[in-house]
Amino acid sequence: MQMTVRTGFRGVAVLAAPFLCAGTLWAQEIPQAARDADVVVLGEAHDNPAHHATQARWVAALRPAALVFEMLTPDQAVRVTPAVRTDPGALADALEWDASGWPDFAMYYPIFAAAPDAVVLGAGLPRDTMQTVMTDGADALPDAARFGLNSALPKDQQAAREDLQAEAHCGALPETMLPGMVKVQRARDAALARAALDAIAQTGGPVAVIAGNGHARRDWGVPHLLAQAEDKITVFALGQAEDGRAPEGGFDLVVNADAVERGDPCAAFR
């Protein structure tokens, strides 16, 4: 495949659809900007094993001092102890992964194993917190003002975010729920950014953040909030595409993998 690059954030090559890197990057191909960054946000489609394999290779190469997971709450993260960390079954049991709703732990364990000495932090919001945010807003969350949660979004961005939530839920949600869903998404972005900053304070960095592509996007995801909260932090954002379809939102680099067979994603909503 012929590949065209353009200069993006801090001169980093940005590959945009349809000009994607064929396959995944090997460790020696990881850009120097990622190796030099304080925080590397590694996006994913949650159920794509190839995306998780790429994340594990990047983590092994970057050797972060801390790993931040969207999939773990802070209470779960403290259960990642040396006693269970080297045993995938024991670690899954300690995290109660099978009850979490996330895809097979076998896809995620290699990421843990790739940085066996890294501090693990969880940035997942508990369900009761998400419910409070949906109904009452995010003003009461820690550092709400620091991450702009107490300010309304521009109208075009609010509309775009609501459209994405409607699409993600196959049009099954009442329109009245969409603003609350956007509030939750913003709160989840802020929780990931806060955990990354906590990880830097605790370890000195670098930090790898494992999260969905929607959180890794530069325009309004974790990289944007980190820049807003602490402009001295350097951030590299990796997006992961499927079958040449790049995720939206802008990234420092996008790599491509085959899509997985999902059947009808809207069947459950019907």
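1. Let's start with a pair of helices in this predicted model. Helices α5 and α6 lie roughly perpendicular to each other, because the angle between them falls in the range of 65 to 115 degrees. That angle is about 105°, and the two axes are 11 Å apart. You can find α5 at residues 88-95 and α6 at residues 105-114.

2. Now look at who touches whom. From α5 come Pro88, Leu91, Ala92 and Leu95, and they meet Phe105, Tyr109 and Phe112 of α6. This contact is made of seven nonpolar residues, with no polar and no charged ones. In soluble globular proteins, nonpolar side chains tend to be buried together.

3. Next, the largest nonpolar core, which holds 38 residues. Val39, Val68, Phe147, Val207, Val209 and Leu226 have the most contacts inside it. At least two core residues come from each of several elements, including β3, β4, β6 and α11. The top contributor is α9, with 11 residues.

4. A second core, separate from that one, has 36 residues. Among them are Leu62, Leu72, Ala92 and Val120. Ala92 may look familiar: this residue of α5 also takes part in the meeting with α6.

5. Helix α9 deserves its own visit. Its 26 residues span 38 Å from first C-alpha to last, close to the 38 Å expected. Is α9 mostly covered or mostly uncovered? Mostly covered, with 19 of the 26 residues buried. Just after α9 comes glycine 204, with a positive phi near 85°.

6. Finally, try clicking on leucine 226. Beyond its neighbours within four places in sequence, leucine 226 contacts Val39, Ala193, Ala196, Leu197, Asp231 and Val235.

Definitions and conventions
Residues numbered from 1 in each chain as written. Predicted model: local features only at pLDDT ≥ 70, side-chain atom pairs only at ≥ 80, totals over all residues. Heavy atoms only, no water. Axes fitted to C-alpha atoms, helices over the stretch in contact; angles between N-to-C directions. Helix = DSSP H or I, 4+ residues; strand = E, 2+ residues; numbered from the N terminus. Parallel < 35°, antiparallel > 145°, perpendicular 65-115°, else oblique. Contact = heavy atoms within 4.5 Å. Nonpolar A, V, L, I, M, F, W, Y, C, P; charged D, E, K, R; others polar. Core = buried A, V, L, I, M, F, W, Y, C linked by side-chain atoms within 4.5 Å. Buried < 20%, exposed > 50% of the residue type's maximum accessible area, 1.4 Å probe, protein only. Expected span 1.5 Å × (residues − 1).
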